[in-house]
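Please look over the structure below. The report that follows covers the ligand sites and one strand residue.

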Amino acid sequence: MWPYPRTLAHRGGGTLAPENTLAALRCGLSYGYRAVEFDVMLAADGVPVVVHDPELGRTVAGSGHINEYTAAQLGAMEAGAWFGPAFAGEGVPTFDAVVAYCKAQRIWMNIEIKPAPGFDAATGEAVARATRAHFSQEIAAGKLLPLLSSFSIAALEAARQAAPELARAWLVEAIPADWALQARELGVVAIHCDHQQLTRALALAVKGEGFGLFCYTVNTPERASELLAWGVDGFCTDRIDLIKAS
Ligand code: G3P
Ligand code: MG
């Protein structure tokens, strides 16, 4: 029911490296994390890039929106210096570069489709197509594949249409009352929720209906143990230094 790793490094390296960069993946790996979550958005030229915010300013130096710049322009921007001088020079990586690194290092991926406002279907379709292209051999061989997830229902629907063979998960903050019906209609294999909004009863209900259950973002070993005891299958963490990869 949950064939995936249990502990994932959130945004590549949690809060120990600049999020959603190749440096973050290297950092995660240095802590033994061979499973990551990261966010994917479309650049102006339709190329999927790995970044969280639709605007520049917080992690990427500059102003304006991610989808006003091409992937090459974003790659040349500064996405590491905000975190510390040792990370200066890290650009916004393309999805292709991140997947290539993860495949080379045998890192499993939860690919969060993170559309800029108004680009839900286009992002879901592009990310699903790119993922399918990267994993065509693994698909044919029946190997373990990445898991796509999104808060955007339109993105999940578009991903399903573009690459129905790729498993998808539905991201929510709190699990809504009609979750079982919606999850079945979406054809998702798992529900990913904010652990602070999860109750033991809901965890049991989700598992009882046969869905995978994943939480974000769990940052203490005590809370991780509690959630796992509730039947939660996996979680991502910012504290890869406190929670051992498993
Ligand atoms: O995929 C889980 C988590 O990353 C969702 O929230 O804002 O960190 O992308 P966010
Ligand atoms: Mg995310």
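## Ligand 1 and its surroundings

In this predicted model, a side-chain N or O atom of His-10 lies 2.8 Å from an oxygen atom of ligand 1. Asp-39 and Lys-114 also place polar side-chain atoms by oxygen atoms of the ligand. The distances are set out here.

| Side chain | Partner | Distance |
|---|---|---|
| His-10 | oxygen of ligand 1 | 2.8 Å |
| Asp-39 | oxygen of ligand 1 | 3.2 Å |
| Lys-114 | oxygen of ligand 1 | 2.8 Å |

Taken alone, ligand 1 exposes 290 Å², and the protein buries 90% of that. The residues around ligand 1 include Arg-11, His-52, Phe-151, Leu-171 and Tyr-216. By class, this shell holds five charged, three nonpolar and two polar residues.

Glu-37, Asp-39 and Glu-112 belong to the surroundings of ligand 1. These three residues also coordinate the magnesium ion (ligand 2), at 2.0 to 2.2 Å. Glu-37 and Glu-112 use OE atoms, and Asp-39 uses OD. Along the chain, the donors follow the spacing E-x1-D-x72-E. Glu-37 sits in strand β2 (residues 35-42) and Glu-112 in strand β4 (residues 108-113), so the pair links parts of the chain 75 residues apart. Glu-37 counts as buried because its relative accessibility is 4%. Glu-112 is buried too, at 5%.

Strand β1 (residues 7-10) holds Thr-7. Thr-7 is buried, with a relative accessible area of 4%. A polar atom of the Thr-7 side chain lies 2.6 Å from the backbone nitrogen of Ser-246. Thr-7 also touches residues beyond four places away in sequence, among them Tyr-33, Ala-35, Phe-235 and Ile-243.

Definitions and conventions: Residues numbered from 1 in each chain as written. Chains lettered and ligands numbered in written order. Predicted model: local features only at pLDDT ≥ 70, side-chain atom pairs only at ≥ 80, totals over all residues. Heavy atoms only, no water. Donors = N, O, S within 2.8 Å, 3.2 Å for Na, K, Ca; no water. Helix = DSSP H or I, 4+ residues; strand = E, 2+ residues; numbered from the N terminus. Buried < 20%, exposed > 50% of the residue type's maximum accessible area, 1.4 Å probe, protein only. Polar contact = N/O pair within 3.5 Å; in protein donor to acceptor, adjacent residues only side chain to side chain. Contact = heavy atoms within 4.5 Å. Near = heavy atom within 4 Å. Areas by Shrake-Rupley, 256 points an atom, 1.4 Å probe, with all protein chains shown as cover. Nonpolar A, V, L, I, M, F, W, Y, C, P; charged D, E, K, R; others polar.
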